[in-house]
Structure formats: structure tokens, C-alpha cells
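Visitor: Please take one part of this model and go through it closely. I would like to know what surrounds it and how it is placed against the rest.

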Amino acid sequence: MIERTATIASTVGLHARPASIFADAAGELEAEVSIARVGEPAEDAVGADSMLALMSLGVEHGEVVVLRTDDDYAGEALDALVRILETNHDA
């Protein structure tokens, strides 16, 4: 399993526009990626490719999340998703 952490940079958190951008990028990957707040059990994670699931997390600006995948070859893809989360899409 590969994991990456990211700090949410968008001022509105992981809501509408940022969630849509992130879900679209995650949906283009061959690997299945999950996302959850750091410290939450892995079974509480949601699919990164679902905008509604992302918004249901209620993640706010400055919170840290963890991305996980079982695909051992998806490290670069996770890095790209981290860059999306660490960009303020509301600026």
C-alpha cells in the first residue's frame, strides 16, 4: 500500500470546485485511491473519485488528509493528487 499526506489549501476546504477538480483527476487514474483525514481508520476512507463522497468528509482548509492505494505503481499519480489538494483553487 502506498500513502501520501496532503494539507488542504483551498480556503473553502474540500468542497464543490476543489472536490470536483480532485475527483476528476482521481477518476482518470487506473488505480483506486481512497482519502480520509489523517488519524482516521482506513475503513472510514472514501473513494477519491467521488465528488459527493469527498464533500461528505467535511474537510476544511488546513486539515491534513491521507491518500491510499494498493497499486504499487501509483506513487507518481498520488503525488499529482497531492499537488491538487495543496493548491488553493479559490484564489
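Guide: What follows looks at helix H3 and its surroundings, in a model that is predicted.

Helix H3 spans residues 75-85. Its buried residues are Gly-75, Leu-78, Leu-81, Val-82, Ile-84 and Leu-85. An α-helix has 3.6 residues a turn, so residues three or four places apart point the same way. The cover over the buried residues of H3 includes E1, H1, E2 and E4.

Take the helix side of that cover. The axes of H1 (16-27) and H3 come within 10 Å, crossing at roughly 170 degrees. An angle over 145 degrees counts as roughly antiparallel, and H1 and H3 are therefore roughly antiparallel to each other. From H1, the residues Ile-21, Phe-22, Ala-25 and Ala-26 meet Leu-81, Ile-84 and Leu-85 of H3.

Leu-81 also has contacts beyond H1. With neighbours within four places in sequence left aside, Leu-81 is in contact with Phe-22, Ala-25, Ala-26, Leu-29, Val-33 and Leu-67. Leu-81 and Leu-85 are among the residues with the most contacts inside the largest nonpolar core, as are Phe-22, Ile-35 and Leu-67. That core has 24 residues. At least two of its residues come from each of E1, H1, H2 (51-56), E4 and H3.

Now the sheet side. H3 lies across E1, E2 (34-37) and E4, and runs at about 10 degrees to E1. The sheet is open, with four strands in the order E1-E4-E2-E3 and antiparallel pairing. E1 and E3 (46-47) stand at its edges with a single partner strand each, so one side of each is left without a neighbour in the sheet. The partnership of E1 (2-7) and E4 (64-69) is antiparallel and runs over six bridges. Within it, Thr-5 has Val-66 of E4 as its bridge partner.

Thr-69, in strand E4, provides another link to H3. Leaving aside neighbours within four places in sequence, its contacts are Met-1, Ile-2, Ala-31, Glu-32, Val-33, Ala-74 and Leu-78; Leu-78 is one of the buried residues of H3. Buried means under 20% relative accessible area, and Thr-69 counts as buried because its relative accessibility is 2%. A polar atom of the Thr-69 side chain lies 3.2 Å from the backbone nitrogen of Asp-71.

To put the two sides together: H3 lies across E1, E2 and E4, and H1 is roughly antiparallel to H3.

Methods:
Residues are numbered from 1 along each chain as its sequence is written. This is a predicted model: local features need pLDDT of at least 70, side-chain atom pairs count only at pLDDT 80 or more; totals for chains, interfaces and linings use all residues. Side-chain values use heavy atoms; hydrogens and water are left out. A nonpolar core is a set of buried Ala, Val, Leu, Ile, Met, Phe, Trp, Tyr and Cys residues joined through side-chain atoms within 4.5 Å. Buried means under 20% relative accessible area, exposed over 50%, partly exposed in between (1.4 Å probe, protein chains only). Contact means heavy atoms within 4.5 Å. Two strands pair if DSSP finds at least two bridges between them. Axes are lines fitted to C-alpha atoms, for helices over the stretch in contact, and angles run from 0 to 180 degrees between N-to-C directions. A polar contact is a pair of N or O atoms within 3.5 Å; within protein, one must be able to donate a hydrogen and the other to accept it, and residues adjacent in sequence count only if both atoms are side-chain atoms. Angles under 35 degrees count as roughly parallel, over 145 as roughly antiparallel, 65 to 115 as roughly perpendicular and the rest as oblique.
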